[in-house]
Amino acid sequence: MNVLVDVPPSLRRLCGGETELRASPGSVADIVGELSRRFHGLGDRLCERDGNLRGSVLVLVNDEDIRFLESHRTPVAPGDRLSFVPAFAGG
């Protein structure tokens, strides 16, 4: 069984228009790496140049913010749902 990854509208063009992807279980960092290899440009939108997740992207595992779990080391098991929520600026 795979991990389900929700793709927000702002990232869908990089993922062939898909709204949901499937990835192999592992840590959040593992899954981001896998998706970055599969979809050109996605890694640049999710990660800084040093490979760390951008602070402007909220990452949830089963609706729980990874900042309150184990950050990029948070395990994501088969059947779990991973969501990326890009922050929006406004004023």
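This report walks through a few strands, salt bridges and a cavity in one protein chain. The structure is a predicted model, so please read every value below as computed from that model.

**Two paired strands**

A good place to start is with strand E1, residues 3-6, and strand E2, residues 20-23. The two run antiparallel and are joined by four bridges. One of the bridge pairs brings together Val 3 and Ala 23 of E2.

Strand E2 also has two faces that are easy to tell apart. Leu 21 and Ala 23 make up the covered face, while Glu 20 and Arg 22 make up the uncovered one. Why do the residues take turns like this? In a regular strand, side chains alternate between the two faces of the sheet.

**Salt bridges**

How many salt bridges are there in the model? The count comes to five. Three of the pairs are set out here, with the distance between nitrogen and oxygen.

| Salt bridge | N to O distance |
|---|---|
| Arg 81 and Asp 6 | 2.5 Å |
| Glu 48 and Arg 54 | 3.4 Å |
| Arg 67 and Asp 65 | 2.5 Å |

Let us take Arg 67 and Asp 65 to begin with. Are these partners buried or exposed? Arg 67 is exposed, with a relative accessible area of 62%. Asp 65, on the other hand, is buried, because its relative accessible area of 12% falls under the 20% cut-off.

Salt bridges can also share partners, and in this model Asp 6, Glu 20 and Arg 81 are joined into one network that way. Glu 20 is a residue we have already met, on the uncovered face of strand E2.

Within that network, the closest N and O atoms of Arg 81 and Asp 6 are 2.5 Å apart. This pair links distant parts of the chain, since Arg 81 sits in strand E7 and Asp 6 in strand E1, 75 residues apart. Arg 81 is partly exposed, with 30% relative accessible area, and Asp 6 is partly exposed too, at 25%.

The pair of Glu 48 and Arg 54 has partly exposed residues on both sides: Glu 48 has a relative accessible area of 37%, and Arg 54 has one of 26%.

**Pro 86 in strand E7**

Strand E7, residues 81-86, includes Pro 86. Is Pro 86 buried or exposed? Pro 86 is buried, because its relative accessible area is 18%, and the cut-off for buried is under 20%. Setting aside neighbours within four places in sequence, Pro 86 is in contact with Pro 8, Ser 10, Ser 56 and Val 57. Glu 34 makes a useful reference point: Pro 86 is 52 residues from Glu 34 in sequence, and their C-alpha atoms are 19 Å apart in space.

**A cavity inside**

A search of the whole structure turns up one cavity of 30 Å³ or more. The largest cavity holds about 40 Å³ of space. Which residues line the largest cavity? The lining consists of Val 5, Asp 6, Val 7, Pro 8, Leu 11, Cys 15, Leu 21, Leu 35, Leu 42, Leu 46 and Phe 84. Strand E1 and helix H2 (42-46) are the elements that give two or more residues to this lining. By class, the lining has ten nonpolar residues, no polar ones and one charged residue.

Some familiar names return here. Asp 6, the salt-bridge partner of Arg 81, is one of the lining residues. Leu 21, from the covered face of strand E2, also lines the cavity, and so does Pro 8, a contact of Pro 86.

Technical notes. Residues are numbered from 1 along each chain as its sequence is written. This is a predicted model: local features need pLDDT of at least 70, side-chain atom pairs count only at pLDDT 80 or more; totals for chains, interfaces and linings use all residues. Side-chain values use heavy atoms; hydrogens and water are left out. Buried means under 20% relative accessible area, exposed over 50%, partly exposed in between (1.4 Å probe, protein chains only). Two strands pair if DSSP finds at least two bridges between them. Contact means heavy atoms within 4.5 Å. A salt bridge is a side-chain nitrogen of Lys or Arg within 4 Å of a carboxyl oxygen of Asp or Glu. On a 1 Å grid over the protein atoms alone, a cavity is a set of points where a 1.4 Å probe fits but cannot get out, and a pocket is an open set with protein on both sides within 12 Å along at least five of seven lines; lining residues have an atom within 4 Å of a point. Grid points are joined across faces, edges and corners, and a volume is the space filled by probe spheres set on the points. Ala, Val, Leu, Ile, Met, Phe, Trp, Tyr, Cys and Pro count as nonpolar, Asp, Glu, Lys and Arg as charged, and the others, Gly among them, as polar.
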